[in-house]
Amino acid sequence: MVGILSMGSNLSKCSPRISIPVKFARKWGNFPISCRDQYKQFHNSPSSSGVLDKVNPFKKNSSSVCPPVKCCDDVIRVGGVEIPMYGYGTWQLETDLVDSSIEYALDTGIRHIDTSITFGNVEAIGRALEKLFKCGKYCREELFLSGKLPNFNMKPEDVYKVVSSYLEGLKVKYLDLFMIQFPVGVIVDKCCGEYVADPYSDILAIWKEMEKQVEEKRVKALGVSNFNIRQIHCLMECSKIPPANLQTELHVYNQDCELVKAACRCGISVTAYAPLGSPSLVQHLYNINGSDNNVGDPLMNNAVERIGRKYGKTSANVLLRFLLQKGIIVIPKSSKPDRICSNFNVFDFELDACDIEELGSLDKGKYGRMFTDNVWQGTSKHPEYPFPKT
Ligand SMILES: NC(=O)c1ccc[n+]([C@@H]2O[C@H](COP(=O)([O-])OP(=O)(O)OC[C@H]3O[C@@H](n4cnc5c(N)ncnc54)[C@H](OP(=O)(O)O)[C@@H]3O)[C@@H](O)[C@H]2O)c1
(Lines give C-alpha, C1' and ligand atoms only; values in the text may rest on other atoms or scores of the structure.)
Protein backbone atom coordinates (compact mmCIF):
# COMPACT_ATOMS: atom_id res chain seq x y z
CA MET A 1 0.00 0.00 0.00
CA VAL A 2 2.73 2.42 0.81
CA GLY A 3 5.71 1.35 -1.17
CA ILE A 4 3.98 0.71 -4.42
CA LEU A 5 5.37 -1.16 -7.37
CA SER A 6 3.55 -0.75 -10.62
CA MET A 7 2.34 -4.13 -11.87
CA GLY A 8 0.43 -3.19 -14.99
CA SER A 9 -3.20 -2.45 -15.66
CA ASN A 10 -4.82 -5.86 -15.46
CA LEU A 11 -4.92 -5.96 -11.66
CA SER A 12 -7.83 -5.84 -9.34
CA LYS A 13 -9.72 -2.58 -9.67
CA CYS A 14 -9.30 -1.78 -6.04
CA SER A 15 -5.57 -2.29 -6.02
CA PRO A 16 -4.33 -0.90 -9.30
CA ARG A 17 -0.85 -0.61 -7.84
CA ILE A 18 0.66 -3.08 -5.48
CA SER A 19 3.84 -3.17 -3.55
CA ILE A 20 6.18 -6.05 -3.12
CA PRO A 21 7.84 -5.65 0.23
CA VAL A 22 9.92 -8.75 -0.10
CA LYS A 23 13.57 -9.55 -0.18
CA PHE A 24 13.60 -10.70 -3.76
CA ALA A 25 11.76 -7.78 -5.23
CA ARG A 26 13.22 -4.54 -3.96
CA LYS A 27 12.85 -2.35 -7.00
CA TRP A 28 12.65 0.96 -5.25
CA GLY A 29 13.16 2.80 -8.49
CA ASN A 30 9.65 1.83 -9.55
CA PHE A 31 7.92 3.37 -6.57
CA PRO A 32 5.60 6.16 -7.57
CA ILE A 33 7.20 9.25 -6.16
CA SER A 34 3.86 10.60 -5.01
CA CYS A 35 3.48 7.86 -2.43
CA ARG A 36 6.94 8.31 -1.07
CA ASP A 37 6.33 12.03 -0.87
CA GLN A 38 3.13 11.51 1.04
CA TYR A 39 5.07 9.64 3.68
CA LYS A 40 7.81 12.21 3.89
CA GLN A 41 5.29 14.98 4.07
CA PHE A 42 3.38 13.41 6.93
CA HIS A 43 6.16 11.79 8.81
CA ASN A 44 9.08 13.98 7.94
CA SER A 45 11.52 11.15 7.48
CA PRO A 46 14.06 12.55 5.03
CA SER A 47 16.38 9.62 5.61
CA SER A 48 13.85 7.24 4.13
CA SER A 49 14.73 6.38 0.56
CA GLY A 50 11.51 4.42 0.15
CA VAL A 51 8.79 3.68 2.59
CA LEU A 52 9.44 -0.01 2.66
CA ASP A 53 13.12 -0.05 3.35
CA LYS A 54 15.30 -2.99 4.00
CA VAL A 55 16.63 -1.80 7.29
CA ASN A 56 17.44 -4.75 9.49
CA PRO A 57 19.30 -2.65 12.05
CA PHE A 58 19.10 -5.38 14.66
CA LYS A 59 21.36 -8.08 13.39
CA LYS A 60 21.55 -10.73 16.02
CA ASN A 61 24.77 -10.79 17.99
CA SER A 62 27.04 -13.74 17.73
CA SER A 63 26.27 -14.95 21.24
CA SER A 64 22.76 -15.96 20.20
CA VAL A 65 21.87 -19.38 21.46
CA CYS A 66 19.75 -20.16 18.45
CA PRO A 67 20.07 -17.69 15.62
CA PRO A 68 17.01 -17.66 13.40
CA VAL A 69 17.33 -19.25 10.03
CA LYS A 70 15.57 -16.30 8.48
CA CYS A 71 14.25 -13.03 9.74
CA CYS A 72 11.44 -10.73 8.72
CA ASP A 73 13.59 -7.72 8.05
CA ASP A 74 11.03 -6.30 5.63
CA VAL A 75 9.73 -3.24 7.34
CA ILE A 76 7.56 -0.26 6.74
CA ARG A 77 9.29 2.86 8.00
CA VAL A 78 6.70 5.29 9.22
CA GLY A 79 6.30 7.87 11.99
CA GLY A 80 9.79 7.26 13.35
CA VAL A 81 9.40 3.50 13.68
CA GLU A 82 10.11 0.50 11.49
CA ILE A 83 7.20 -1.89 11.51
CA PRO A 84 8.04 -5.44 10.43
CA MET A 85 5.64 -6.47 7.67
CA TYR A 86 5.02 -9.83 9.27
CA GLY A 87 3.88 -9.92 12.87
CA TYR A 88 2.54 -12.44 15.31
CA GLY A 89 -1.09 -12.16 16.47
CA THR A 90 -1.84 -13.14 20.05
CA TRP A 91 -5.63 -13.08 20.35
CA GLN A 92 -6.78 -16.47 21.74
CA LEU A 93 -3.20 -17.52 22.42
CA GLU A 94 -3.71 -19.63 25.52
CA THR A 95 -1.46 -18.60 28.40
CA ASP A 96 0.02 -22.10 28.80
CA LEU A 97 1.13 -22.01 25.16
CA VAL A 98 2.53 -18.49 25.25
CA ASP A 99 6.09 -19.42 26.28
CA SER A 100 6.65 -21.96 23.54
CA SER A 101 4.70 -20.06 20.88
CA ILE A 102 6.49 -16.76 21.40
CA GLU A 103 9.88 -18.44 21.37
CA TYR A 104 8.94 -20.43 18.30
CA ALA A 105 7.65 -17.34 16.51
CA LEU A 106 10.88 -15.48 17.22
CA ASP A 107 12.99 -18.49 16.20
CA THR A 108 11.01 -18.61 12.97
CA GLY A 109 12.10 -15.05 12.26
CA ILE A 110 9.08 -13.00 13.34
CA ARG A 111 10.06 -9.78 15.10
CA HIS A 112 6.71 -8.09 15.60
CA ILE A 113 4.21 -9.11 18.28
CA ASP A 114 0.73 -7.67 18.42
CA THR A 115 -0.78 -7.61 21.91
CA SER A 116 -3.82 -6.35 23.72
CA ILE A 117 -4.75 -6.35 27.36
CA THR A 118 -8.15 -7.57 26.20
CA PHE A 119 -6.50 -10.82 25.02
CA GLY A 120 -5.70 -11.75 28.63
CA ASN A 121 -2.16 -12.94 27.96
CA VAL A 122 0.03 -9.83 28.16
CA GLU A 123 1.66 -10.94 31.45
CA ALA A 124 2.40 -14.38 30.04
CA ILE A 125 3.95 -12.79 26.95
CA GLY A 126 6.00 -10.54 29.23
CA ARG A 127 7.28 -13.55 31.18
CA ALA A 128 8.20 -15.34 27.94
CA LEU A 129 10.05 -12.29 26.64
CA GLU A 130 11.84 -11.70 29.92
CA LYS A 131 13.18 -15.25 29.83
CA LEU A 132 14.37 -14.85 26.25
CA PHE A 133 16.00 -11.48 27.00
CA LYS A 134 17.67 -12.76 30.18
CA CYS A 135 19.29 -15.73 28.49
CA GLY A 136 20.55 -13.43 25.75
CA LYS A 137 18.70 -15.15 22.94
CA TYR A 138 16.87 -12.00 21.92
CA CYS A 139 16.92 -8.39 22.99
CA ARG A 140 14.19 -5.80 23.35
CA GLU A 141 15.56 -3.54 20.61
CA GLU A 142 15.13 -6.15 17.91
CA LEU A 143 11.43 -6.58 18.61
CA PHE A 144 8.44 -4.50 17.64
CA LEU A 145 5.73 -4.66 20.33
CA SER A 146 2.29 -3.15 19.91
CA GLY A 147 -0.51 -2.63 22.42
CA LYS A 148 -3.97 -1.11 22.36
CA LEU A 149 -6.22 1.04 24.49
CA PRO A 150 -9.28 -1.16 25.10
CA ASN A 151 -12.66 0.38 24.36
CA PHE A 152 -13.62 0.10 28.02
CA ASN A 153 -10.72 2.45 28.82
CA MET A 154 -11.71 5.22 26.42
CA LYS A 155 -11.00 8.04 28.83
CA PRO A 156 -8.04 10.42 28.76
CA GLU A 157 -7.29 9.70 32.42
CA ASP A 158 -6.97 5.94 31.62
CA VAL A 159 -4.27 6.30 28.98
CA TYR A 160 -1.29 6.58 31.34
CA LYS A 161 -2.37 3.65 33.49
CA VAL A 162 -3.12 1.42 30.51
CA VAL A 163 0.31 2.10 29.01
CA SER A 164 1.76 1.35 32.47
CA SER A 165 -0.07 -1.98 32.49
CA TYR A 166 1.53 -2.93 29.18
CA LEU A 167 4.99 -1.87 30.31
CA GLU A 168 4.64 -3.78 33.57
CA GLY A 169 2.97 -6.80 31.94
CA LEU A 170 5.40 -7.08 29.05
CA LYS A 171 8.29 -6.09 31.36
CA VAL A 172 9.63 -3.52 28.91
CA LYS A 173 10.40 0.20 29.05
CA TYR A 174 8.49 1.22 25.96
CA LEU A 175 5.91 0.06 23.43
CA ASP A 176 6.73 0.51 19.76
CA LEU A 177 3.13 1.20 18.86
CA PHE A 178 0.12 2.12 20.96
CA MET A 179 -3.29 2.19 19.30
CA ILE A 180 -6.85 3.09 20.11
CA GLN A 181 -8.47 -0.31 19.64
CA PHE A 182 -11.96 0.85 18.70
CA PRO A 183 -13.42 4.33 18.15
CA VAL A 184 -16.43 3.84 20.42
CA GLY A 185 -15.90 3.56 24.17
CA VAL A 186 -18.09 1.27 26.22
CA ILE A 187 -19.23 1.19 29.83
CA VAL A 188 -21.09 -1.47 31.71
CA ASP A 189 -24.77 -0.70 32.01
CA LYS A 190 -25.59 -0.80 35.73
CA CYS A 191 -29.08 -2.21 35.08
CA CYS A 192 -28.41 -5.06 32.69
CA GLY A 193 -24.67 -5.59 33.30
CA GLU A 194 -23.97 -5.43 29.55
CA TYR A 195 -21.66 -3.16 27.59
CA VAL A 196 -23.28 -0.04 26.20
CA ALA A 197 -21.69 2.79 24.24
CA ASP A 198 -20.16 5.52 26.38
CA PRO A 199 -21.65 8.78 25.06
CA TYR A 200 -18.80 10.79 26.57
CA SER A 201 -15.69 9.21 25.04
CA ASP A 202 -13.64 11.96 23.45
CA ILE A 203 -11.13 10.61 20.95
CA LEU A 204 -9.20 13.85 20.54
CA ALA A 205 -8.73 14.27 24.30
CA ILE A 206 -7.57 10.63 24.47
CA TRP A 207 -5.17 11.18 21.57
CA LYS A 208 -3.60 14.15 23.35
CA GLU A 209 -2.85 11.90 26.33
CA MET A 210 -1.44 9.31 23.95
CA GLU A 211 0.83 11.99 22.45
CA LYS A 212 2.16 12.65 25.95
CA GLN A 213 3.14 8.98 26.14
CA VAL A 214 5.30 9.50 23.06
CA GLU A 215 6.81 12.64 24.54
CA GLU A 216 7.60 10.71 27.71
CA LYS A 217 9.21 7.96 25.58
CA ARG A 218 6.91 5.28 26.95
CA VAL A 219 5.56 4.75 23.43
CA LYS A 220 7.34 5.23 20.10
CA ALA A 221 4.43 5.63 17.70
CA LEU A 222 0.67 5.93 17.81
CA GLY A 223 -2.01 4.17 15.83
CA VAL A 224 -5.69 3.49 15.49
CA SER A 225 -7.68 0.34 15.00
CA ASN A 226 -11.11 -0.15 13.47
CA PHE A 227 -11.34 3.51 12.46
CA ASN A 228 -13.14 4.50 9.26
CA ILE A 229 -11.95 7.05 6.70
CA ARG A 230 -13.82 9.98 8.24
CA GLN A 231 -12.49 9.23 11.69
CA ILE A 232 -8.93 9.00 10.37
CA HIS A 233 -9.24 12.33 8.56
CA CYS A 234 -10.69 13.95 11.64
CA LEU A 235 -7.79 12.74 13.75
CA MET A 236 -5.24 13.79 11.13
CA GLU A 237 -6.59 17.32 11.21
CA CYS A 238 -6.38 17.69 14.96
CA SER A 239 -3.35 15.70 16.02
CA LYS A 240 0.16 16.87 16.71
CA ILE A 241 1.47 13.34 16.20
CA PRO A 242 -0.43 11.68 13.34
CA PRO A 243 -1.26 7.99 13.49
CA ALA A 244 1.51 5.85 12.04
CA ASN A 245 -0.63 2.77 11.64
CA LEU A 246 -4.20 1.64 11.12
CA GLN A 247 -4.98 -1.89 12.26
CA THR A 248 -8.16 -3.17 10.73
CA GLU A 249 -9.84 -6.38 9.64
CA LEU A 250 -8.54 -7.29 6.17
CA HIS A 251 -8.63 -10.54 4.22
CA VAL A 252 -9.81 -11.60 0.78
CA TYR A 253 -13.49 -11.43 1.79
CA ASN A 254 -13.12 -7.99 3.39
CA GLN A 255 -10.62 -5.99 1.36
CA ASP A 256 -11.82 -2.49 2.28
CA CYS A 257 -9.83 -1.00 -0.60
CA GLU A 258 -11.11 2.55 -0.14
CA LEU A 259 -10.01 2.54 3.48
CA VAL A 260 -6.58 1.16 2.58
CA LYS A 261 -6.13 3.77 -0.14
CA ALA A 262 -7.27 6.56 2.16
CA ALA A 263 -4.80 5.49 4.83
CA CYS A 264 -2.05 5.40 2.20
CA ARG A 265 -2.92 8.92 1.09
CA CYS A 266 -2.62 10.05 4.71
CA GLY A 267 0.77 8.36 5.03
CA ILE A 268 -0.57 5.76 7.45
CA SER A 269 0.62 2.16 7.24
CA VAL A 270 -2.04 -0.55 7.40
CA THR A 271 -2.02 -3.77 9.40
CA ALA A 272 -4.45 -6.57 8.58
CA TYR A 273 -5.98 -8.30 11.54
CA ALA A 274 -7.72 -11.61 10.86
CA PRO A 275 -5.58 -11.96 7.71
CA LEU A 276 -6.51 -15.66 7.48
CA GLY A 277 -10.18 -14.90 8.07
CA SER A 278 -9.96 -15.66 11.79
CA PRO A 279 -11.36 -19.22 11.56
CA SER A 280 -11.76 -19.47 15.31
CA LEU A 281 -14.00 -16.40 15.47
CA VAL A 282 -17.00 -18.58 14.62
CA GLN A 283 -16.53 -20.66 17.77
CA HIS A 284 -15.82 -17.52 19.80
CA LEU A 285 -19.08 -15.90 18.66
CA TYR A 286 -20.98 -19.06 19.37
CA ASN A 287 -19.52 -19.14 22.87
CA ILE A 288 -20.19 -15.51 23.73
CA ASN A 289 -23.64 -14.99 22.25
CA GLY A 290 -24.59 -17.93 20.06
CA SER A 291 -24.18 -15.85 16.90
CA ASP A 292 -22.34 -16.57 13.64
CA ASN A 293 -20.65 -14.25 11.17
CA ASN A 294 -21.89 -16.10 8.05
CA VAL A 295 -18.96 -14.87 5.99
CA GLY A 296 -17.24 -18.18 5.32
CA ASP A 297 -13.68 -19.38 5.65
CA PRO A 298 -11.24 -17.96 3.09
CA LEU A 299 -8.76 -20.73 3.94
CA MET A 300 -11.26 -23.17 2.39
CA ASN A 301 -12.00 -21.05 -0.68
CA ASN A 302 -11.55 -23.04 -3.93
CA ALA A 303 -9.71 -20.27 -5.78
CA VAL A 304 -7.36 -19.71 -2.83
CA GLU A 305 -6.62 -23.44 -2.65
CA ARG A 306 -6.07 -23.67 -6.41
CA ILE A 307 -3.70 -20.70 -6.43
CA GLY A 308 -1.84 -22.27 -3.51
CA ARG A 309 -1.36 -25.49 -5.49
CA LYS A 310 0.00 -23.52 -8.44
CA TYR A 311 2.85 -22.16 -6.29
CA GLY A 312 3.25 -25.19 -4.04
CA LYS A 313 1.99 -23.07 -1.14
CA THR A 314 -0.72 -23.36 1.47
CA SER A 315 -3.96 -21.37 1.40
CA ALA A 316 -2.65 -19.43 4.39
CA ASN A 317 0.46 -18.46 2.40
CA VAL A 318 -1.71 -17.23 -0.47
CA LEU A 319 -3.93 -15.15 1.84
CA LEU A 320 -0.94 -13.57 3.57
CA ARG A 321 1.03 -13.01 0.40
CA PHE A 322 -1.97 -11.29 -1.20
CA LEU A 323 -1.99 -8.72 1.60
CA LEU A 324 1.78 -8.32 1.70
CA GLN A 325 1.87 -7.61 -2.03
CA LYS A 326 -0.51 -4.74 -1.39
CA GLY A 327 1.95 -3.37 1.17
CA ILE A 328 -0.27 -4.41 4.06
CA ILE A 329 1.33 -5.69 7.28
CA VAL A 330 0.00 -9.07 8.45
CA ILE A 331 -0.26 -10.44 12.00
CA PRO A 332 -1.58 -14.02 11.72
CA LYS A 333 -2.01 -15.95 14.94
CA SER A 334 -1.26 -19.58 15.52
CA SER A 335 -0.26 -21.51 18.58
CA LYS A 336 0.84 -24.50 16.51
CA PRO A 337 4.58 -24.61 15.71
CA ASP A 338 4.09 -26.18 12.29
CA ARG A 339 1.62 -23.44 11.30
CA ILE A 340 3.71 -20.62 12.76
CA CYS A 341 6.56 -21.86 10.59
CA SER A 342 4.64 -22.72 7.40
CA ASN A 343 2.56 -19.53 7.47
CA PHE A 344 5.79 -17.52 7.44
CA ASN A 345 6.85 -19.05 4.10
CA VAL A 346 5.62 -16.08 2.14
CA PHE A 347 8.85 -14.35 1.20
CA ASP A 348 10.00 -16.68 -1.56
CA PHE A 349 7.19 -16.39 -4.08
CA GLU A 350 5.17 -13.75 -5.83
CA LEU A 351 1.53 -13.94 -6.87
CA ASP A 352 1.15 -12.93 -10.50
CA ALA A 353 -1.22 -10.26 -11.72
CA CYS A 354 -3.96 -12.75 -12.72
CA ASP A 355 -3.94 -14.34 -9.28
CA ILE A 356 -4.03 -10.94 -7.62
CA GLU A 357 -7.00 -10.03 -9.78
CA GLU A 358 -8.82 -13.25 -8.99
CA LEU A 359 -8.16 -12.89 -5.26
CA GLY A 360 -9.30 -9.26 -5.50
CA SER A 361 -12.59 -10.45 -6.97
CA LEU A 362 -13.33 -12.50 -3.84
CA ASP A 363 -14.09 -9.32 -1.91
CA LYS A 364 -17.60 -9.41 -0.43
CA GLY A 365 -17.70 -5.71 0.36
CA LYS A 366 -19.53 -4.87 3.55
CA TYR A 367 -20.82 -8.46 3.77
CA GLY A 368 -17.27 -9.75 4.15
CA ARG A 369 -16.69 -8.17 7.54
CA MET A 370 -16.48 -10.71 10.36
CA PHE A 371 -15.81 -8.47 13.36
CA THR A 372 -18.91 -6.30 13.70
CA ASP A 373 -21.11 -5.42 16.65
CA ASN A 374 -21.17 -9.17 17.26
CA VAL A 375 -17.73 -8.58 18.78
CA TRP A 376 -17.89 -4.86 19.53
CA GLN A 377 -20.99 -5.28 21.59
CA GLY A 378 -23.13 -2.33 22.52
CA THR A 379 -21.49 0.03 20.02
CA SER A 380 -23.59 -0.18 16.86
CA LYS A 381 -26.09 2.52 17.78
CA HIS A 382 -23.40 5.06 18.57
CA PRO A 383 -22.84 7.68 15.82
CA GLU A 384 -19.12 6.84 15.80
CA TYR A 385 -19.71 3.13 15.13
CA PRO A 386 -17.17 2.79 12.32
CA PHE A 387 -18.62 0.17 9.99
CA PRO A 388 -21.41 0.29 7.42
CA LYS A 389 -24.60 -1.41 8.57
CA THR A 390 -25.44 -4.63 6.72
N1 LIG B 1 -7.35 -4.59 16.53
C2 LIG B 1 -8.30 -5.44 16.77
O3 LIG B 1 -9.39 -5.07 17.14
C4 LIG B 1 -8.05 -6.91 16.56
C5 LIG B 1 -9.13 -7.77 16.44
C6 LIG B 1 -8.85 -9.10 16.21
C7 LIG B 1 -7.55 -9.56 16.09
N8 LIG B 1 -6.52 -8.68 16.24
C9 LIG B 1 -5.11 -9.13 16.11
O10 LIG B 1 -4.94 -9.76 14.84
C11 LIG B 1 -4.41 -11.07 15.03
C12 LIG B 1 -4.86 -11.98 13.92
O13 LIG B 1 -6.27 -12.10 13.89
P14 LIG B 1 -7.03 -13.43 14.33
O15 LIG B 1 -6.23 -14.14 15.34
O16 LIG B 1 -8.41 -13.06 14.67
O17 LIG B 1 -7.16 -14.25 12.99
P18 LIG B 1 -6.17 -15.01 11.99
O19 LIG B 1 -4.77 -14.71 12.29
O20 LIG B 1 -6.71 -14.70 10.65
O21 LIG B 1 -6.50 -16.51 12.29
C22 LIG B 1 -6.07 -17.13 13.46
C23 LIG B 1 -6.71 -18.50 13.53
O24 LIG B 1 -6.33 -19.25 12.38
C25 LIG B 1 -5.80 -20.51 12.79
N26 LIG B 1 -4.71 -20.78 11.85
C27 LIG B 1 -3.49 -20.20 11.82
N28 LIG B 1 -2.78 -20.68 10.79
C29 LIG B 1 -3.56 -21.58 10.16
C30 LIG B 1 -3.37 -22.43 9.04
N31 LIG B 1 -2.24 -22.44 8.35
N32 LIG B 1 -4.40 -23.24 8.68
C33 LIG B 1 -5.56 -23.25 9.36
N34 LIG B 1 -5.79 -22.47 10.44
C35 LIG B 1 -4.80 -21.65 10.83
C36 LIG B 1 -5.35 -20.34 14.20
O37 LIG B 1 -5.52 -21.52 14.94
P38 LIG B 1 -4.27 -22.25 15.69
O39 LIG B 1 -3.78 -21.29 16.73
O40 LIG B 1 -4.92 -23.46 16.26
O41 LIG B 1 -3.25 -22.53 14.63
C42 LIG B 1 -6.33 -19.30 14.73
O43 LIG B 1 -7.49 -19.92 15.19
C44 LIG B 1 -4.94 -11.45 16.41
O45 LIG B 1 -4.32 -12.58 16.92
C46 LIG B 1 -4.71 -10.16 17.15
O47 LIG B 1 -3.38 -10.02 17.51
C48 LIG B 1 -6.75 -7.37 16.44
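Here a trainee and a mentor talk through a predicted model of one chain.

Trainee: What does the chain average in pLDDT, given that this is a predicted model?

Mentor: Start with the weak part: over residues 1-70 the pLDDT is below 50, though this stretch has 140 contacts in the model beyond near neighbours in sequence. Across the chain, 81% of the residues score at least 70. The chain's average pLDDT is 84.

Trainee: How many helices and strands does the chain have?

Mentor: Some background helps here. The chain has 390 residues, and buried ones make up 47% of them. Among contacts between residues at least 6 apart in sequence, 73% join residues at least 24 apart. As for the count, there are 12 helices and 12 strands.

Trainee: Which strands stand at the edges of the open sheet of eight strands?

Mentor: Read the order across: β3-β4-β5-β6-β9-β10-β11-β12, with parallel pairing. An edge strand has a single partner, so one side of it is left without a neighbour in the sheet. That description fits β3 (88-89) and β12.

Trainee: Which residue of β11 stands opposite Thr248?

Mentor: Look at strand β10, residues 245-249, which runs parallel to β11 and is joined to it by five bridges. Across from Thr248 in β11 you'll find Ala272.

Trainee: And which residue of β2 stands opposite Val78?

Mentor: This pair is antiparallel: four bridges join β1 (residues 75-78) to β2. The two strands form a hairpin with two residues between them, and Gly79 takes a positive phi near 55° there. Opposite Val78 stands Val81.

Trainee: Are the two faces of β2 covered or open, and which residues show that?

Mentor: Take the faces of β2 (residues 81-84) in turn: Val81 and Ile83 are on one side, Glu82 and Pro84 on the other. These four residues are all buried. Both faces are therefore covered, as shown by Val81, Ile83, Glu82 and Pro84.

Trainee: Why is helix α10 described as largely enclosed by the rest of the structure, and how many of its residues are buried?

Mentor: Helix α10 covers residues 315-325, and its buried residues include Asn317, Arg321 and Gln325 as well as Leu319 and Phe322. What covers them includes β11 (269-273), α9 (302-311), β12 (329-330), α11 (337-343) and α12 (353-360). After the helix comes Gly327, with a positive phi near 80°. The helix is largely enclosed because the buried count is 11 of the 11 residues.

Trainee: Which element gives the largest share of the largest nonpolar core?

Mentor: That core has 85 residues, and Ile125, Ile328, Ile329 and Val330 touch the most other members. Another core, of six residues, lies apart from it, with Phe182, Val184, Val186 and Trp376 among them. Back in the largest core, the biggest contribution is seven residues, from α10.

Trainee: Which residues of α10 is Val330 in contact with?

Mentor: Leave aside neighbours within four places in sequence, and Val330 is in contact with residues including Tyr86, Gly87, Ala272 and Pro275. The rest of its contacts belong to α10: Leu320, Leu323 and Leu324.

Trainee: Is Asn226 buried or exposed?

Mentor: Asn226 is in the loop between β9 (219-225) and α6 (229-238). Its phi is near 65°, which is positive even though the residue is not a glycine. With 25 other C-beta atoms within 10 Å, Asn226 is buried.

Trainee: And Asn294, buried or exposed?

Mentor: Asn294 also has a positive phi, about 55°, without being a glycine. Its place is the loop between α8 (281-289) and α9. Having 9 C-beta neighbours inside 10 Å, Asn294 counts as exposed.

Trainee: What about Thr118: where does it lie, and what separates its C-alpha atom from that of Lys148?

Mentor: Thr118 lies in the loop between β4 (112-114) and α3 (122-134). It is partly exposed, with 15 other C-beta atoms within 10 Å. Lys148 is 30 residues apart from Thr118 along the chain, and their C-alpha atoms are separated by 8.6 Å.

Trainee: Last one: which residues come nearest to the ligand?

Mentor: The shell around the ligand divides into 11 nonpolar, 13 polar and four charged residues. Of the 28 residues around the ligand, the ones that come nearest are Gly89, Tyr273, Leu276, Ser280 and Lys333.

Definitions and conventions. Residues are numbered from 1 along each chain as its sequence is written. This is a predicted model: local features need pLDDT of at least 70, side-chain atom pairs count only at pLDDT 80 or more; totals for chains, interfaces and linings use all residues. A residue is near a molecule or strand if its C-beta atom, placed from the backbone, lies within 6 Å of it. Ala, Val, Leu, Ile, Met, Phe, Trp, Tyr, Cys and Pro count as nonpolar, Asp, Glu, Lys and Arg as charged, and the others, Gly among them, as polar. pLDDT is the predictor's confidence in each residue, from 0 to 100. Two residues are in contact if their C-beta atoms, placed from the backbone, lie within 7 Å. A residue is buried if 20 or more other C-beta atoms lie within 10 Å of its own, exposed if 12 or fewer, and partly exposed in between; C-beta atoms are placed from the backbone. Two strands pair if DSSP finds at least two bridges between them. A nonpolar core is a set of buried Ala, Val, Leu, Ile, Met, Phe, Trp, Tyr and Cys residues joined through C-beta atoms within 7 Å.
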